[in-house]
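Student: Please show me the model first. I will then ask about it one point at a time.

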Amino acid sequence: MKKMFAIIREGNKQYRVAPGDTVRLERFEAESGSDYETDQVLAVNDDKDFKIGHPLVEGARVKGKVVDQVKGEKLVIFKRKRRKHSRRKIGHRQQHTLVQIDQISS
C-alpha cells in the first residue's frame, strides 16, 4: 500500500509532504494555530496514480495548520585573508515556519 504524498512549491523551494507530516518551510507571516493552504502543487501521488502538473496540478490543494515560528541551527561564517592578520566571524540563524499537513486533495 502506497502512502499518499504531494510535492509543493513554497518560497522557491520544493518540499515532499504527506498527511501527518510536520514540515519546516521558509518563514512567512502567520500566527500559531492558523490555517495553511496552498495550491502550488507540482505533483500528487495517491493510491491509484501519480499526477504531474504543467507546471501545477489542476485543482490540487494541500491544507494544514501552522504549528510555530522557529529558528534553524546556527551557521558560522568565518572569513580570513592569509598573511594579513584579517579575520571575520559571523553567525546566522534562518527563520522557519513549522506546518502540520492535514489533507491533500487532488
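Student: Which residues of the largest nonpolar core touch the most other members?

Tutor: This is a predicted model, in which local features need pLDDT of at least 70 and side-chain atom pairs count only at pLDDT 80 or more, while totals for chains, interfaces and linings use all residues. Numbering starts from 1 along each chain as its sequence is written, and side-chain values use heavy atoms, with hydrogens and water left out. A nonpolar core is a set of buried Ala, Val, Leu, Ile, Met, Phe, Trp, Tyr and Cys residues joined through side-chain atoms within 4.5 Å, where buried means under 20% relative accessible area, exposed over 50% and partly exposed in between (1.4 Å probe, protein chains only). The largest core has 17 residues, and the members touching the most others are V17 and V62.

Student: Which strand gives the largest share of this core?

Tutor: Strands here are DSSP runs (E, at least two residues; helices are H or I, at least four), numbered from the N terminus. At least two core residues come from each of β1, β2 (13-17), β3 (22-26), β5, β7 (61-71) and β10 (95-105). The largest share is three residues, and the strand that gives them is β10.

Student: Which residues does V17 touch, not counting those up to four places away in sequence?

Tutor: Contact means heavy atoms within 4.5 Å. V17 is one of the two core residues that touch the most other members. Beyond its sequence neighbours, V17 touches F5, A6, I8, V23, V62, I101 and I104.

Student: How many residues of β5 are buried?

Tutor: β5 covers residues 41-45 and is mostly covered. It is also among the strands that each supply at least two residues of the largest core. Of its five residues, the number buried is five.

Student: Which residue is the bridge partner of N45 in β6?

Tutor: Two strands pair if DSSP finds at least two bridges between them. On one side, β5 runs antiparallel to β1 (residues 5-10) with four bridges, and A43 of β5 stands opposite I7. On the other count, three bridges join β5 antiparallel to β6 (residues 50-52), and the two form a hairpin with four residues between them. In β6, the partner of N45 is F50.

Student: How many salt bridges does the structure hold?

Tutor: Side chains of opposite charge can pair when their charged atoms come close. A salt bridge here is a side-chain nitrogen of Lys or Arg within 4 Å of a carboxyl oxygen of Asp or Glu. One of them joins R27 and E29 at 2.8 Å, N to O; E29 is exposed at 68% relative accessible area, and R27 is partly exposed at 39%. The total is four.

Student: How many residues apart in sequence are the parts tied together by D35 and K65?

Tutor: The side chains of D35 and K65 meet in a salt bridge of 2.7 Å, N to O. D35 belongs to β4 (residues 35-38) and K65 to β7, so the pair ties together parts whose separation in sequence, in residues, is 30.

Student: Is K65 buried or partly exposed?

Tutor: Leaving aside neighbours within four places in sequence, K65 is in contact with G33, S34, D35, Y36, L98, V99, Q100 and D102. Its C-alpha atom is separated by 10 Å from that of Q103, 38 residues apart along the chain. With a relative accessible area of 37%, K65 is partly exposed.

Student: What is the distance between the closest N and O atoms of E37 and R61?

Tutor: E37 and R61 form another salt bridge. This pair links distant parts of the chain, β4 and β7, 24 residues apart. E37 is partly exposed at 44% relative accessibility, as is R61 at 32%. The closest N and O atoms are apart by 2.8 Å.

Student: Which residues form a nonpolar patch on the surface?

Tutor: Patches are made of residues with over 30% relative accessible area and no salt bridge, like charges being joined within 9 Å and nonpolar side chains (Val, Leu, Ile, Met, Phe, Trp, Tyr) within 5 Å. Areas come from the Shrake-Rupley method with a 1.4 Å probe, and for residues only the protein chains shown count as cover. One member, L75 in β8 (residues 75-81), is partly exposed at 47%. Together exposing about 220 Å² of accessible area, the patch residues are L75, I77 and I90.
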